[in-house]
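Work through the following exercises with the sequence and the coordinates open, and try each task before reading its solution.

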Amino acid sequence: MTVRLARLEDICEINPRLPRDHGLQDDSEVSFVPMAAVSEVSGAIESATLRRYAEVRKGYTSFTDGDVLFAKITPCMENGKAALASGLAGGRGFGSTEFHVLRARESVLPEWLYYFVRREPFRQEAKRNFTGTAGQQRVPASFLQGAMVPVPSLVEQRRIVDLLARAEGIVRLRREARQKAAELIPAIFIDMFGDPATSAKRWPVQPLGELLANGPNNGLYKHKSAYGSGTPILRIDAFYDGVVQDLGQLKRVRLDDENEQRRFALSEGDIVINRVNSPEYLGKSALIPPLTEPTVFESNMMRFAVNRSLVLPGFVIALLQQPASRRHFLANAKHAINQSSINQQDVKSLPVMLPPMQLQQSFAQRVQSAEAILTQQSDALTKAQATFNALLDRAFRAA
């Protein structure tokens, strides 16, 4: 198989401009794609809306069907926000200025570019080339221009792309099955306790701050140079739907002393909650499982422990997954460019309904059965994702 290496700028247009003869009228409908509409998990545009061309003609990035969107700003880029544009209204789209746009030339398939930029090694290299200040770092176009891409024949590209699409399809099915399993616990919660937003069952309500044994406390900040070895540290990419995914995969950080370890230590039954991120991840939380070694938590989250004579941790973490809790945090959030934040008082003011302890205990027993199903689906997803990642790595290494 003949393969050549080519600079990315030689095989695609990077951030092409809207041509003057675009044919759009002020009242033409186009797809609008904000950053939040692109899923870092599925690699797809999931929630585009329609807007009139007059509304988006200035101040937004333009693209067409077949273009690859690649998030340039932290943390969206590291999280994997990239998508292949398709099904756009009239074939035209406009969106966030924080997207780089890649438009394939004749020698490459758009899907080839999409899978290339979705690779973890590429995103790590892009991160090493960030420019800008903390919180506003971006991948410069110059990095993309010089990135080297293996380019086999179009026939071989199609063969590899088809294989990757099948593997990614299996991952998607596994992810959907896991999501359905994850929905069991919130459904059980609503069935037993009702919707916290309506308080239909008239349980007593108290602010979370009155139900705490300790906290909330902010986590540990360390410069990136301290990462790589030492003590496991929980980061926000390590938990979803209230559950820490894999303690064995946590990154590690070098601590200054034992006092630092004690101050930021996690314990089984603690709850952590994301305090700084883009709005869609604000308030993301997890219940800490049994730990195999001392573990600390990162600065963009808070940690607290509940008074178990008043409320059970499993009940509170389930409450935090409810839409009413998310709305509380968004309503109290402070918004800055590309990120939002909540503080300790915002967490302590969360209304918590208090059903009888016996009912909370019954809920905990039902959750155990649901968690067993969730664990099975999570394991299947992990294996499918590992297979896809291995195929992706091999495809571009061997291409």
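Helices and strands here are DSSP runs, numbered from the N terminus, a helix having at least four residues and a strand at least two. The model is a predicted one.

**Exercise 1.** Determine where proline 75 is placed and which conformation the peptide bond before proline 75 adopts.

*Solution.* Begin with the location: proline 75 belongs to the loop between strand 6 (68–71) and helix 3 (76–79). Then examine the peptide bond from threonine 74 to proline 75, which is cis, with omega near 0°. A cis peptide bond also joins glycine 215 and proline 216, where omega is about 0°, but proline 216 is found in strand 12 (residues 212–218).

**Exercise 2.** Find the buried residues of helix 8 and establish how they are arranged around its axis.

*Solution.* Taking under 20% relative accessible area as buried, one obtains Ile185, Ile188, Phe189, Met192 and Phe193 within helix 8 (residues 184–193). Viewed down the helix axis, these buried residues fall within an arc of 105°, and therefore they line one face of helix 8. Glycine 194, which follows the helix, has a positive phi near 85°.

**Exercise 3.** Describe the order and pairing of the open sheet that 4 strands form.

*Solution.* The strand order is 4-3-8-5, and the pairing is mixed. The edges are strand 4 (49–52) and strand 5 (61–64), each of which pairs on one side only. Within the sheet, strand 3 (residues 29–33) and strand 8 (residues 92–95) run parallel and are joined by 3 bridges, with phenylalanine 32 standing opposite phenylalanine 94 in strand 8.

Note on methods: Residues numbered from 1 in each chain as written. Predicted model: local features only at pLDDT ≥ 70, side-chain atom pairs only at ≥ 80, totals over all residues. Heavy atoms only, no water. Buried < 20%, exposed > 50% of the residue type's maximum accessible area, 1.4 Å probe, protein only. Arc of directions from axis to C-beta. Pairing = 2+ DSSP bridges.
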